[in-house]
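Me: Please take a close look at one part of this model and describe how its pieces are put together. A plain, connected account is enough.

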Amino acid sequence: MSEKTSRISGFYKLPLEERLKIVAEFAELTEEETMLLKKVGNLDLSTAERMIENVVGTMTYPFAVAVNFLINGKDRLIPMVIEEPSVVAAASNAAKWARAKGGIFTSSTGPIMIGQIQLTSVRDPWNVKLKILEHKNELVRIANEQDPTLVSLGGGVKDIEVRVIDTLKGPMVITHIIVDVRDAMGANAVNTMAEAIAPYIEDVSGGKVLLRIISNLADRRLVRARTVIDKNEIGGEDVVDRIVDAWAFASADPYRAATHNKGIMNGIIAVALATAQDHRAIEAGAHAYASRSGKYSPLTVWEKNSEGDLVGSLEMPMAVGLVGGAVKTHPVARIALKILGVKTADELGEIMGAVGLIQNLAALKALATEGIQRGHMKLHARNIAIMAGATPDIIDMAVERMVQEGRVRFDRAKEIVEELKKMKS
Ligand code: MEV
């Protein structure tokens with residue numbers, strides 16, 4: 001029997017049926033599995049094929065809505081797409097605690113992205129830096145010519161900055177274009193502009209341009225979210241102190257900070273997926289920003305105020321868009337945006353920041369009190385009870401029994417469900 005190979009030339013040119021056949025043979029997929037891959041949910045195959053290459057099917061994730069969010073005085077339902085249990089429930093629960101003191105308040109710096117142009121082979125980098133800056137107006141003009149629509153909407157290049165950096169290959173001169181990308185995520189606009197001005201930079205500097213690409217450390221496109229949590233909503237001042245101590249741990253220790261920030265990203269990426277954002281860009285920006293002091297740190301701060309209430313704040317980059325890319329092509333993303341009711345990318349980014357802050361609160365409260373497993377166990381027990389045949393009238397009782405006994409298992413669920421059913425009848 002010949003060895004399987006993944007080296008398949010021209011795979012992208014084959015019709016979808018053919019591609020799927022190859023994959024099915026390669027992975028020995030059953031007829032049922034093949035059919036399932038082909039089964040269309042809410043993304044039809046022709047749209048999928050326009051989005052990426054080599055498509056053989058689509059994959060459906062749960063689409064949920066977190067409730068109870070009050071952001072800047074406005075009630076919002078939060079669409080979330082995620083595979084992890086508990087995240088949506090936790091967000092909804094913690095958003096409820098925030099309501100007593102007015103909910104979450106947000107702001108942002110505006111949709112400013114950075115494009116980088118790398119110049120190598122320069123002997124006099126400091127001199128070259130000033131030469132480039134002398135041509136700032138011309139550079140701005142060339143860049144803005146690339147996107148008249150963006151400029152007509154009030155966007156476009158707002159400034160040019162030049163940095164000299166030391167590298168293992170000697171000094172390099174890095175030009176930054178500072179671009180207002182309005183309601184776009186910005187990668188396309190910024191990359192086009194960076195490529196357009198690169199030859200001009202070569203001309204004025206005599207150096208060699210290498211990379212021309214957006215920076216995902218979007219530290220000019222920050223969102224901010226803050227909230228006050230009434231101590232009585234979360235079990236009193238002792239719990240407030242515990243949460244502040246949990247935050248202090250993250251702030252002192254990168255091993256903990258990584259997990260702390262992961263909890264924040266649970267909420268943010270779930271909204272990013274529901275609204276078809278470039279979530280890798282958001283992750284990259286978040287973690288680079290968390291490291292900006294040289295030490296990886298939490299993206300939130302939790303403090304206690306003079307009333308003994310818990311006060312939380314978050315600040316992080318958020319490169320999201322409402323125009324272009326999958327946001328436009330994915331029909332479910334359009335619906336998610338409609339559910340959110342956002343009109344601008346800034347608004348979307350701020351809501352995502354609010355969700356991150358609340359998700360973080362939910363995790364810290366659980367961790368600093370009963371631990372994370374109890375809540376997880378309850379959800380797990382619920383699923384198992386349903387699988388074991390529990391009807392709606394006995395689900396809660398079955399869950400309670402399993403959790404109390406510490407035996408969240410299918411065999412035990414079956415016994416309990418049978419007992420409860422007998423009792424009921
Ligand atoms: C799990 O997905 C997220 C948490 O680990 C976050 C945290 O530890 O803060 C619970």
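Reply: The C-alpha centres of domain 1 and domain 3 lie 42 Å apart. The model is a predicted one, and its chain is divided into domain 1 (11-51), domain 2 (68-108 + 223-369), domain 3 (112-214) and domain 4 (374-424). The part taken up here is a sheet and the helices packed on that sheet.

The sheet is open and has 4 strands in the order 5-6-4-7, paired in the antiparallel sense. Its edges are strand 5 (156-167) and strand 7 (208-215), each of which pairs on one side only. From one strand to the next the twist averages 20°.

Going across the sheet, strand 5 pairs with strand 6 (residues 170-180) over 11 bridges, in the antiparallel sense. Within the sheet, isoleucine 160 stands opposite isoleucine 177 of strand 6. Strand 6 is also joined to strand 4 by 8 bridges, and these two strands run antiparallel. Isoleucine 114 is found opposite isoleucine 178 of strand 6. Strand 4 then pairs with strand 7 over 6 bridges, again antiparallel, with threonine 120 opposite lysine 208 of strand 7. In a regular strand, side chains alternate between the two faces of the sheet. Strand 4 is mostly covered, 8 of its 9 residues being buried.

Which helices pack on the sheet, and which strands do they touch? Helix 5 (residues 125-134) touches strand 4 (112-120), strand 5 and strand 6, and its direction makes about 175° with that of strand 5. Helix 8 touches strand 4, strand 5, strand 6 and strand 7, and its direction makes about 155° with that of strand 7.

Helix 8 can be followed further. Helix 8 covers residues 187-205, which is 19 residues; at 1.5 Å a residue the expected span is 27 Å, and the end C-alpha atoms are 26 Å apart, so the two values agree. Helix 8 nevertheless bends, by about 30° at alanine 198, and proline 199 follows within four residues. The buried residues of helix 8 are Ala189, Val190, Asn191, Met193, Ala194, Ile197, Ala198, Ile201, Val204 and Ser205. Ala198, the site of the bend, is thus listed among the buried residues. After helix 8 comes glycine 206, whose phi is positive, near 80°. Strand 7, one of the two edge strands, covers residues 208-215.

Methods. Residues are numbered from 1 along each chain as its sequence is written. This is a predicted model: local features need pLDDT of at least 70, side-chain atom pairs count only at pLDDT 80 or more; totals for chains, interfaces and linings use all residues. Side-chain values use heavy atoms; hydrogens and water are left out. The expected span of a helix is 1.5 Å times one less than its number of residues. The bend at a residue is the angle between axes fitted to the seven residues ending there and the seven starting there. Buried means under 20% relative accessible area, exposed over 50%, partly exposed in between (1.4 Å probe, protein chains only). Domain bounds come from an automatic or database domain assignment. Two strands pair if DSSP finds at least two bridges between them. Axes are lines fitted to C-alpha atoms, for helices over the stretch in contact, and angles run from 0 to 180 degrees between N-to-C directions. Contact means heavy atoms within 4.5 Å.
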